[in-house]
Structure formats: C-alpha cells, structure tokens
Amino acid sequence: MSEVLVLIDHADGEVKKPTYELLTIAKRLGEPSAVFIGSGDHGAGVAEKVKKYGAEKVYVVDDAQIKGYLVAPKAEALQQLVEKTSPAAVLIPSTIEGKEVAGRLAIKIGSGLITDAVDVDGEGVTTQSVFAGSYTVTAKVTTGTPVITVKPNSATPEEAEGAAAVEEFAATVSESAKKAQIVASQPRKSSGRPELTEAAIVVAGGRGTGGDFEPVEKLADSLGAAVGASRAAVDSGWIAHSFQIGQTGKTVSPQLYVAAGISGAIQHRAGMQTSKTIVAVNKDEEAPIFELVDFGVVGDLKTVLPAAADKVTERKG
Ligand SMILES: Cc1cc2nc3c(=O)[nH]c(=O)nc-3n(C[C@H](O)[C@H](O)[C@H](O)COP(=O)(O)OP(=O)(O)OC[C@H]3O[C@@H](n4cnc5c(N)ncnc54)[C@H](O)[C@@H]3O)c2cc1C
C-alpha cells in the first residue's frame, strides 16, 4: 500500500486537531505517514500523538536551519519527501500557510492541486463548497501526485494504533528558499477559547447584539466554543476583524454554528454554511438565516442566549 503524506499542523510541537482529521482521511487512501517540520526535540512527543491516529511512519524534519524562513523551505522539504516516498497523495491542512506550501509543492512536483476540500473519498475524489457555498463540486487530481488541502472539521478523527516509526529526514534547503525571514513575532493574548477556524462549536453575533457581545461570549464559554461575528458587528467596531466570518472574513465549518442576531446575508453564509448543524436566534421570524438552519429560535438573543448558557452549565454540573 502506498504512503500518504500528511503535513502535521502544530505550534511548537503541540499537534493541532486538523492533523488527526487528515490522518483519518489518509487511511482511506493508503498508509498514513505524518511529516513533522519543527524542532527535532519535539519529534518523539509528536510521534506518540500521531501514533494514536494511525500514523505508520513519522518523518521528522528538524527545522533548526530553516526556522523563521516562512513557507518556501517547507515546500522544498515536502518535495524531497515526495521524491523519496512516491506517495499516493499529500494532505495538508487548509490554513493560509498550508495552502501556500501546497501551491508551491504542486508546482515543484508538477502535480495537480485541490484546495479547501471538505471531504476526500478512498478514490481521491474531493468535495469542495464553492461560490459562496452555492455549489458543491467534486474533483480529482489527474496529473502527478495529488496535493490536497483539507479544511478543518472535514472528518471526525478516528483513533487507530499506528507504528509511528520515526525517521529523521535531512532536507536540503536552497538559498533561494531562504529569502524571506521572520525577524520577530509576538504571541496573541490568549482568550482561552478555541481558534475560530478550528473550533468544533462557534457562537457568532451580529448587528442584533447591539454591540453587547456578553450573551454571545457567555454561551460560547458554556459550550467551550469560539466566538465569531458578522461584518456588520465588525464594521461597527464592536469586535475585531479577526472574528469576522464570511466572504471577506474567515470560513468556518464547525459541528455546531450558532448565529445570534445575524440576518443571514449571502456574504455571511459563504463563511459558515458548510457547518454541520446550524442554529439561529433572531427576533425576526422572516430573517433569511432561518432558510438554512437546523433549529431556529425566534426571540431576543439577550434572553435566549443567557438562558441556553445556564441550561448548558446546569447539564454539565
Ligand atoms: C463585498 C461584500 C463582502 C461582505 N462580506 C461579509 C462577510 O465576510 N461577512 C459578513 O457577515 N457580511 C459580509 N458582508 C455584509 C453582508 O452583506 C451583511 O451586511 C452583513 O452580514 C449583515 O450583518 P448582520 O446579519 O449582523 O446584520 P443585519 O443584516 O442588520 O441583521 C441583524 C439581524 O439581527 C436581528 N436582531 C436584531 N436585534 C435582535 C435581538 N435583540 N435578538 C435577536 N435578533 C435580533 C434582526 O432581526 C436582523 O435579522 C459583505 C458585503 C459585501 C457587499
């Protein structure tokens, strides 16, 4: 069975959930081999984690020489791994960085590239949601080794014991891949909530909040969810742009999406309509958001959200 390379999404060795989703998808296509590009010191710890999700091999590319050089060296390292292993496919998380690595890799190896897949079947046929979610497209790479980026929450991670045999891989990185370097970085202040694009649950607020996001945050925290927002809320200066969901904001695809005080404009839908279960709270029963919900509550978010949060907390206790 051919190997399927999965680029591990991590922060200083902390493996992120989309990696486990990709390993689960990789199993449909062949034998999952995880690729860790990071500090060699984290290699063993990372291998222990991906082992539980079926990684048979773990290629550890120590980034001591390439740390801070953005994406180009990662694409070169992956190119060399593709040449060494002739994999059935390369799966990469659909992050901004992941998509750039994937694009560069596809050019280097002369392969077709599919980005933002929301599903990949055992034949390598991908599903994408395009044109603001108004079309579902199935596609397949026909040239070279398929390079596919997959959106977070596209699969439920399935535990499966792999061998996770660690292999150090010394990539040769060209000088031209080292032309842009990060000179300083500052971590964002942590809100304690999950990252918006990766969260399994998102509670989003719109103009209907009137600028008071407390009910949205309260429900989000009771559910362990991320907070999101419509553009109207962002443009009003109530919340930072990094929270915006939609065509000109972030795309989310959580298991549960709660839209509170959001009318459901097409540009907002573009960023959330692939969510598995959609719940809306809106005081206007004619609001367009109700066309796409699984559950709708006609009511004032200022009373519905705190009541729901209290119930969730009560159930947990
Ligand atoms: C090029 C372009 C790109 C865009 N990109 C985006 C984007 O990325 N993301 C995005 O979101 N929008 C985007 N927009 C804007 C989009 O068209 C809408 O204007 C925006 O989504 C509306 O936000 P909203 O639903 O919060 O506000 P509104 O449309 O004003 O809706 C507010 C809703 O809250 C309800 N409400 C009011 N008070 C309460 C209450 N107390 N309790 C419950 N419900 C209440 C109202 O009934 C109403 O349905 C874009 C527009 C353009 C032209």
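**Pockets and a small sheet**

Me: What volume does the largest pocket have in this predicted model?
Reply: The largest pocket comes out at about 1,700 Å³. Of the 43 residues lining the largest pocket, D9, H10, K16, T95 and E97 are the closest to its centre.

Me: What makes D9 a lining residue of the largest pocket?
Reply: To count as lining, a residue needs an atom within 4 Å of a pocket point. D9 is among the 43 residues that line the largest pocket, so D9 meets that cut-off.

Me: Which element gives the most to that lining?
Reply: That's α4, with 4 residues. Elements giving two or more residues also include β2 (10-11), β4 (31-38) and β6 (89-93).

Me: How do you know which domains the lining draws on?
Reply: Look at where the residues come from: at least three belong to domain 1 (3-178), and at least three to domain 2 (201-316).

Me: How does the lining of the second largest pocket split by class?
Reply: You get 7 nonpolar, 13 polar and 5 charged residues. G261 lies among those nearest the centre of that pocket, and Gly counts as polar, so G261 goes with the polar ones.

Me: Now the sheet: why are β8 and β10 called edge strands?
Reply: The open sheet has the order β8-β9-β10, with antiparallel pairing. β8 (119-120) and β10 (135-139) each have a single partner strand, so one side of each is left without a neighbour in the sheet.

Me: How do you know that β9 and β10 pair?
Reply: Pairing takes at least two bridges. Strand β9 (residues 126-130) is joined to β10 by 5 bridges, so the two count as paired. Q128 stands opposite V137 in β10.

Note on methods: Residues numbered from 1 in each chain as written. Predicted model: local features only at pLDDT ≥ 70, side-chain atom pairs only at ≥ 80, totals over all residues. Heavy atoms only, no water. 1 Å grid on protein atoms, 1.4 Å probe; cavity = no way out; pocket = protein on both sides within 12 Å on 5 of 7 lines; lining within 4 Å. Points joined across faces, edges and corners; volume = space filled by probe spheres on them. Domains from an automatic or database assignment.
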